[in-house]
Amino acid sequence: MSARDNILKKLRAGLEGSTPRPDQFDETLVTEPWQYAPEDRIQRLRSLMETVHTEVYTLAAANWPAKVQELLENRRLANLLYAPGTGHGQQLAEFWAEAAAEQNLLAYDRPIEEWKEELFWQVDASITGTAGAIAATGSLVLWPDRHEPRLMSLLPPLHIALLKASEVEDNLYVMMEKQNWPAGLPTNLLLVSGPSKTADIEQVLAYGAHGPKELVVLILEDA
Amino acid sequence: MTELFYDAAPNATRVAPERPGPRTYPAKPPEVTLFGTCVVDLFFPEAGLDAIRLLEREGIRVHFPQEQSCCGQPAWTSGYVNEAREVARAQLNLLDNGLPVVVPSGSCAGMFRQHYREVFAEEPDTLKRVDDLAERTFELTEFLLHVCKVDWQDLGQPTQIALHTSCSARREMNTHLHARELLGKLANVERLDHDHESECCGFGGTFSVRMPEVSGAMVLDKTRSLRESGAVEMVTADGGCLLNINGSLEKQKQTFRGRHLASFLWARVSGEVKS
Amino acid sequence: MSQRIPVKELTDSFRGRAVGALADAQLRTNFRVAMDSLMKKRADAFPDEEEREGLRELGNHIKARALSRLPDLLEQLEAKLTENGVHVHWAETTEEANRIVHTIIESKQGSQVVKGKSMVSEEMEMNDYLAERDIECLESDMGEYIVQLDGEKPSHIIMPAIHKNRRQVSKLFHNKLGVDETDDVNELIQIGRRTLRKKFLEADVGVSGVNFAIAETGTLLLVENEGNGRMSTTVPPVHVAVTGIEKVVANLRDVAPLLSLLTRSALGQPITTYVNMISGPRKADELDGPEEVHLVLLDNGRSGAFADAQLRQTLNCIRCGACMNHCPVYTRVGGHTYGEVYPGPIGKIVTPHMVGLDHVPDHPSASSLCGACGEVCPVKIPIPELLQRLRQENVKSPDEPAVVQGGGSKYSWKERALWRMWMALNTRPTLYKCFLWAATRLGKLTPKNLGPWTENHTAPVPARRSLHDLAKAHLNAEKTSGDRS
C-alpha cells in the first residue's frame, strides 16, 4: 500500500462511527467587529499602514504619475519598474514621455530568467496596481498576473502601489465575498501590509528584511 | 456548538466547551458542608476553622463530615486515574446530600467543578451526580461574596497585603476576582499588585518534586515579587501555594510570610489577633 | 543543585538541560524580556474580551470541523491542487518526506536549496539530510539563518533566534561572514539581506512550509513578515512546500478568522506583512514564479494522535507560539531545553506522537499544569487536559495496550504501589484518621531532608491538631451551647 493509502486508512479508522461536524461558521464574528463608516474606512487603512512605516498619499486620480515622478526625484532614484500591459502602465509611460522624465522606465515584459541579475540588483523602484484594500488590517490586495508579475512588489527597494479609494473594503471576509475569491484565484494572491520587516534580533523592528524597504500607497480619488 | 465531547460518540472530534456565562448564585442557605481539603487538614487546620467561623458568623450551620479526605487531585494530575477515581468517588458519595459544599481552596473546588467530569467521563450514571455536586460547590471567597453577600466592618489596623491566587483557582474558579472584591470590602486593607501576579508560583503538586530546579526558580521569582510589592504579608486561598511559598521563604530565611485568606479575613472581622 | 543528576542526564534529559539553562543568566534574561513583550503584544491585540473569545470559539470550531472530515478534505485538497497543476506527495515518515524532496531536487540536478521558514522541515531535519547528499539547504528567515549559521536549532517556533542578543549575533556574523562587528540591528539585518539575496537568485529549488492548505480552492497559504517566504516560493524554478496533514481547512473563508487568530496570538500583529496564497505553478504566459510546485503531506505520528478523540485536539494547532510565550516553564528554561523541534506546551503534547513518549518521558510532567497555555490557545486546545492524559498514558503498565507510541515509559510498580496506598488511605475514613493522628503527633519528627522538596523549601511540619480534630471539637461545642440556649 502507498503512503497515501496508509494515511487515509488510519485517519478513516479513527473516525469510524462518527459523523462530520456541522458547519456553524458564524460570519458575524469576523465582520461585525470590523465595520467602518465610509468616511472612516480610508482613515483606518491609512493609520494602520502608517503604523508599519508605509507612506500613504491621497490624491486626485489624474495626478498620480506626477506624484510618482516626484517620489523618485526626492529619493534620487534612477529607474522605475512598471507593467506596460496594464492601463496604469500605459498611463505612466505616456506621462513619462510627455514630461521627458529622466528616470528610466523598465518594462517587466520578459520572463525573469532573461534578466534575473538586473531585476535583483539594479532596479530602484516599482509601481503596481492593486485589487483593492482591507481597512480592518491595513492590507493591500495584489492580484499579480501575466501583465503585472509577482516579483514587482518584492524585489525593488521601493514599491509604489496604486489604490482606488472606492475599492477599500471593511474586512477580509467581505473582500472575499465581494470579489468572489473561491470562484477563481490567481496563481499567487497577495495581501501586503507594509514594507518587508523583521524583529528576529531582540525583537527590534527592522525594515527591508528581504523585500521592499519602503512601501508608498497612492490612494486615488475619483474625479 | 451544543454537542460537547462528554455526550458525543467515542470517536467524534471534540469541540471546546463554550465559555460558561456568569454563574448564578442561590440565596443564602441555612446549612452547608465544609470540605476542608487534605492540605488544610494537615498543615493549615486553623484556616479551616476560620472558614467555619466566617460561615457561622453569617448565620449558617456548618457540617464537617468526619469521613472526608482528599479530592483526588494529586493522583489525577499524576496520571493515576483509577486511584484518583476511587478517592473522588468516596467524596462524591459523602457529599451526595444536596447541601452546598464550601471549599477553602480554589484548586480543590475546581477539581469538583471541572475535573470530576473528566474523572468519571466513562460513567454516565455517575456524571449526573457529578454535575449535581459541581452545581453545589463554591470556593470560600466566592461563597462569602456572592451567596452570603457579606457586609463587613474591618476591625483590624491599616495594612497592606499582596494577594496570590493559585492558577486553577484563577482559571477555573475566578478566585482572583472574588478575593479582590472581598478584600475591597475591608476598609483598612490595601491590596498591592505584584510583578507577574498571574504567573504560577511553581507548586503544581508533584511538579515541585519531579522538576525541583524549574519549580524552585519559579517560587524564587514569585517570593521576590511578593516581597518587592511593598506588602506586609501575602494572603492566598490555596493551601498548596501557601505551602510552597512559605516553605521557600523560610528556606531563604526571609521574614515575609503568606497566610491563608480565611485566617486573614477572620482576624479582620472578628478583631482577634492571633500569633 | 545539579550534583544529584548524573552527568549523562545533564544533556540527555529535560531536567538536566533545564539545570544548565537555569544557570545561564543571559539566556534567562533574554527569554524573560522577550516573553514579557510578546505577552503584552498579544494582550494589546485583543482589547475586547468578547471578540477574542468568540473568535477563539470559531477557530476551534473550524479546526474541529476540518478534523472531523480530515481524510475527505485531504483528498479534496489533492484533487484541487492537481487540477491547479500542483504535484501532491504523501509521506508517512520524515525519511519518506526527505526522500521525496531529494528526488525532486535531483530530477532538476539541483545543488542549492533556499528555504523559507518551515517547522515541518525542521521535523524532517531536511538541512542535514540534504547536506549529506551534497545539497546546500540554506535557511532564509533571518532568525533561522542566524541559528543555522551557528549550528543550532531554533529555540522558539516563531522567533527562532530569540535566545540570542544583538552582540551574540554580531559576533557570529563577524566570525562566519567576515563582516565588521556592529551593535546596530538594522545593519545586522542588512548584512543578512545582502548575503541571502544572492542565494535566492542562485537557488535551484525553494522550500517552504504552509500555514493553511485550503481544500476548496487548492491553495497554500503562507504568512510572513520578511519576504523570504515570497522569495523562496517565487524566484527558484521549483517550489516544494512541506506540511503536516493537519493543516488543511475546508473553505477559503475559514482563513479569515484563523489568520486573525494566528497573527494576533503570535506577535500581536493585526496581520503579517505578507499573506501569500499560492494556487499553482507559473501559467504558460506568466513571466515569473516557479514552473513546478510540489506539496509534500507529512504524517509523522499525526495519525496516531488523530486515532484518539481526545488527543486529536492536538492537531488543532496553528503554530502561533502563544502557549510558549505564556508558559512560566518555557520562559525560564528556553526552547533548547525541550531537546526537540517543538518546544513549550505545544511541544509537550505534540512531540510524543512524533518520536514516542519513551524518547521524551519527562515532557508531560515538566509542567505545573498552571493552565496559562490553554487559556491563550487561539484554537482552544485543552493543553493541560492533554498533558494530564499523556501522564496517564506514560504510567500505564506495559501489560495495557499503548495508545501513544512509547507509552508506559514511566511505569514503576513502586510508584503505583504508593498511589494504591494513598488510595486506601483516602477511601477508608478510619485509616485516614489514623494517619492524621500519627502525622499530627509525630510532626516534630519530620525529617529535615525530604529529597527534592527540601532543595527549595524547609520541611513542612504538620499541625499539632488536624482540621478533623479542630472542627469536631468546635462543632460539638457549638452544638452543646446551641442545645443549652
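Counting two residues as in contact when heavy atoms come within 4.5 Å, 32 residues of domain 1 of chain C touch 34 residues of domain 2 of chain C in this predicted model. Chain C itself splits into domain 1 (2–34 + 305–394), domain 2 (49–300) and domain 3 (413–484). The C-alpha centres of domain 1 and domain 2 of chain C sit 23 Å apart, and the two domains bury about 2900 Å² between them, with 59% of that on carbon and sulfur atoms. On the domain 1 side, I318(C), H336(C) and K380(C) put in 21% of the buried area, more than any other three residues.

K380(C) turns up again in the polar part of this interface: it forms a salt bridge with E57(C), with the closest N and O atoms 3.4 Å apart. Two salt bridges are found across the interface of domain 1 and domain 2 of chain C, along with eleven residue pairs in polar contact. As for secondary structure, α3 (25–45), α15 (322–325), α17 (344–355) and α18 (372–376) of chain C each give at least two residues to the domain 1 side. The largest share, five residues, comes from α3(C). By type, the domain 1 side breaks down into 19 nonpolar, nine polar and four charged residues.

Then there is the pairing of chains A and B. Here eight residues of chain A meet seven residues of chain B, burying about 590 Å², 44% of it on carbon and sulfur atoms. S18(A), R21(A) and Q24(A) account for 68% of what chain A buries against chain B, more than any other three residues. Between these chains there are zero salt bridges but two residue pairs in polar contact. The chain A side is made up of two nonpolar, four polar and two charged residues.

Definitions and conventions: Residues numbered from 1 in each chain as written. Chains lettered and ligands numbered in written order. Predicted model: local features only at pLDDT ≥ 70, side-chain atom pairs only at ≥ 80, totals over all residues. Heavy atoms only, no water. Buried area = accessible area lost by both parts, 1.4 Å probe. Salt bridge = Lys/Arg side-chain N within 4 Å of Asp/Glu carboxyl O. Polar contact = N/O pair within 3.5 Å; in protein donor to acceptor, adjacent residues only side chain to side chain. Nonpolar A, V, L, I, M, F, W, Y, C, P; charged D, E, K, R; others polar. Domains from an automatic or database assignment. Helix = DSSP H or I, 4+ residues; strand = E, 2+ residues; numbered from the N terminus.
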